[in-house]
Amino acid sequence: MPSASSASGRPVPPRAPWGRDFRKLWVGQTASQLGEHTGLVVLPLYAVLTLDADAGQVGALRAAGQVPVLLLALVAGAWVDGWRTRSVMVLTDVGRALALAAAAAAGFLGVLGLPALFAVVFVAGALSVFFDVAYQASLVRMVDRDQLLRGNSALEGSRSAAQFGGPAVGGALVSLLSAPVAVASSAVFFALSFLSIRRIRAGETVPVSSERPSGVGRRIKEGLGFVAGDVSLRAVSLASAAFQFFFAATTTVHLLFLSRELNLSGAAIGLALAATGPGALLGSLLAARLPSRFGYGPVLVYAAGIGDAVMLCVPALHGSPAVTVPVLLAVSFVFGAFGQLVNVTVMAVRQAVTPDGLQGRVAATINFAGLGLAPPGSLLGGWLAHECGLRGGLLLAAAGMLVSPVVLALSPLARMGRTLPVQGTGARPT
């Protein structure tokens, strides 16, 4: 295979075969996802258990970590499409490790207050935006097309492992040791990710600069235009936006409901949330079989409907942990399984219709459309908890998540058949 050109016009080595470099990416991405998912539980729990934060403050704290998606996702996509993804991932790992290490040190000294915690959450969220776009684009550059399915399965499996391990480790450390120790664990995960990814030696096929619009603004516009002009990606963006908005609201009330209404310990909360991970592993396996058997459209609609509807069981829970924790485990498992089934199926659709040179911008645009609504969703969750109580607020937020499968059912995606569309054709039934 002839060598490609980098963004500076210099040749880069050909794509490496499947092997050591991909394993380094897999290990690094797994560690980074563990750090991110640990932090998603640890930092709000630090605010609740150590700083006695109320519902509005927890919602605002979660929003601070999600606002960077709204502010930076499109810029990240344009930037990643012109840079080596390895460099982006390494730099963001270093930044997040330093930010969380500083927060842990301040926590040990007893000087980590809410303003500083807001700053740490914002910085970590901003760097995660760039890392997430980079790792989603990295596989397309590192391996050939016939290896994409295998690579995506491995990376999604690692993300599932992070969903399982992150909350469990974070909740256990908060409960058994201290919140600052739990914060420090996230920094360690990011450091491990840095050490693994920096050892990648595979070349990347970065598009030549003359083949791309010159300015960041023009590159962002090209990505937005491509997503808006493709019927598949447009429907994915709308469904993702609806889901992320109400999921952020649900998650905000969920943490408060588990700790204050059901009186669960940090370890029990971590265990209940961690069941999402093994469910997601099952969802990854199902995604390899169900779309080709039943059709991509039906799988998307029914999986989204079942996965979102199961969250309506949580507000009905009462009683001791011996009763509530097993039910919460089952709910998290089902939610993880069907949610992952949707995620993998959507990723396959997105990659199938997107040219290599637009992978970063398309991923960033969809993240912007979906996760960009998470900050107001988190604020909505805090408001619902305050105005309607924890049980009523959680019920309303969880019911709102059903808007997403309704959007999918009404879109052309619902009519997709057993084969993926090709670039530029949209979601046509087969």
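Before counting ring pairs I fixed the rule: rings of Phe, Tyr and Trp (its six-membered ring) pair if their centres lie within 6.5 Å. I also kept in mind that this is a predicted model.

**Aromatic pairs**

I searched the whole structure and got seven aromatic pairs. I opened Phe131 and Tyr135 to start with: their ring centres are 6.1 Å apart and the planes sit at 40°, so I logged the pair as tilted. Both residues belong to helix H4, four residues apart, about one turn of the helix. That spacing fits the usual rule: an α-helix has 3.6 residues a turn, so residues three or four places apart point the same way. Phe131 and Tyr135 are both buried.

Next I looked at Phe243 and Phe335, an aromatic pair I put down as stacked, with 6.5 Å centre to centre and 20° between the planes. This pair links distant parts of the chain: Phe243 is in helix H8 (residues 231–261), Phe335 is in helix H13 (residues 321–353), and 92 residues separate them. I checked burial here too, and Phe243 and Phe335 are both buried.

I also noted a cluster, in which ring pairs link Trp79, Trp83 and Phe130.

**Whole chain**

I stepped back for the overall numbers. The protein chain has 16 helices and two strands. Of its 430 residues, 57% are buried. I then asked how the contacts spread along the sequence: among those with a separation of 6 or more, 87% join residues 24 or more positions apart. The accessible surface comes to about 17000 Å², and carbon and sulfur atoms hold 68% of it.

**A nonpolar patch**

On the outside I found a nonpolar surface patch of about 330 Å², made by Leu70, Leu71, Phe122 and Val123. Helix H2 (55–80) and helix H4 (114–142) are the elements that give two or more residues to this patch. I picked out Phe122, which lies in helix H4. Its relative accessible area is 33%, so I wrote Phe122 down as partly exposed.

**Three buried polar residues**

Is Glu156 buried or exposed? Glu156 has 2% relative accessibility, so I count it as buried. I placed Glu156 in helix H5 (residues 148–176). Leaving aside neighbours within four places in sequence, I listed its contacts as Tyr135, Ser284, Gln340, Val344 and Met347. Tyr135 is the residue I had already met in the tilted pair with Phe131. I also took one C-alpha distance: Glu156 and Trp26 are 130 residues apart along the chain and separated by 9.7 Å.

Ser32 came next, in helix H1 (residues 20–49). Its relative accessibility is 0%, so Ser32 is buried as well. Which residues does Ser32 touch, not counting those up to four places away in sequence? I found Asp93, Arg96, Phe131, Phe189, Phe190 and Ser193. Phe131 is the other half of that tilted pair.

Then I went to Arg62, in helix H2. I had to check the cut-off here: buried means under 20% relative accessible area. Arg62 has 12%, so it is buried. Not counting residues up to four places away in sequence, Arg62 touches Leu40, Pro44, Ala248, Thr251, Thr252 and Ser378. Its C-alpha is 9.6 Å from that of Gly377, with the two positions 315 residues apart in sequence.

**Two helices, end to end**

I tested helix H6 (residues 179–197) for length. At 1.5 Å a residue, its 19 residues should span 27 Å, and the end C-alpha atoms are 28 Å apart, which agrees. The buried residues of H6 include Ala179, Pro180, Phe189, Phe190, Ser193 and Ile197. Three of these names, Phe189, Phe190 and Ser193, were already on my contact list for Ser32.

I ran the same check on helix H12 (residues 296–309). Its 14 residues should span 20 Å at 1.5 Å a residue, and the end C-alpha atoms are 20 Å apart, which agrees. Buried in H12 are, among them, Tyr296, Gly297, Val299, Leu300 and Asp308. What do the buried residues of H12 pack against? I noted H8, helix H11 (290–294), H13 and helix H16 (403–409). H8 and H13 had come up before, as the helices that carry Phe243 and Phe335.

Note on methods: Residues are numbered from 1 along each chain as its sequence is written. This is a predicted model: local features need pLDDT of at least 70, side-chain atom pairs count only at pLDDT 80 or more; totals for chains, interfaces and linings use all residues. Side-chain values use heavy atoms; hydrogens and water are left out. Buried means under 20% relative accessible area, exposed over 50%, partly exposed in between (1.4 Å probe, protein chains only). Contact means heavy atoms within 4.5 Å. Accessible areas come from the Shrake-Rupley method with a 1.4 Å probe; for residues, only the protein chains shown count as cover. Patches are made of residues with over 30% relative accessible area and no salt bridge: like charges are joined within 9 Å, nonpolar side chains (Val, Leu, Ile, Met, Phe, Trp, Tyr) within 5 Å. A salt bridge is a side-chain nitrogen of Lys or Arg within 4 Å of a carboxyl oxygen of Asp or Glu. The expected span of a helix is 1.5 Å times one less than its number of residues. Rings of Phe, Tyr and Trp (its six-membered ring) pair if their centres lie within 6.5 Å; planes under 30 degrees apart count as stacked, over 60 as edge-to-face and the rest as tilted.
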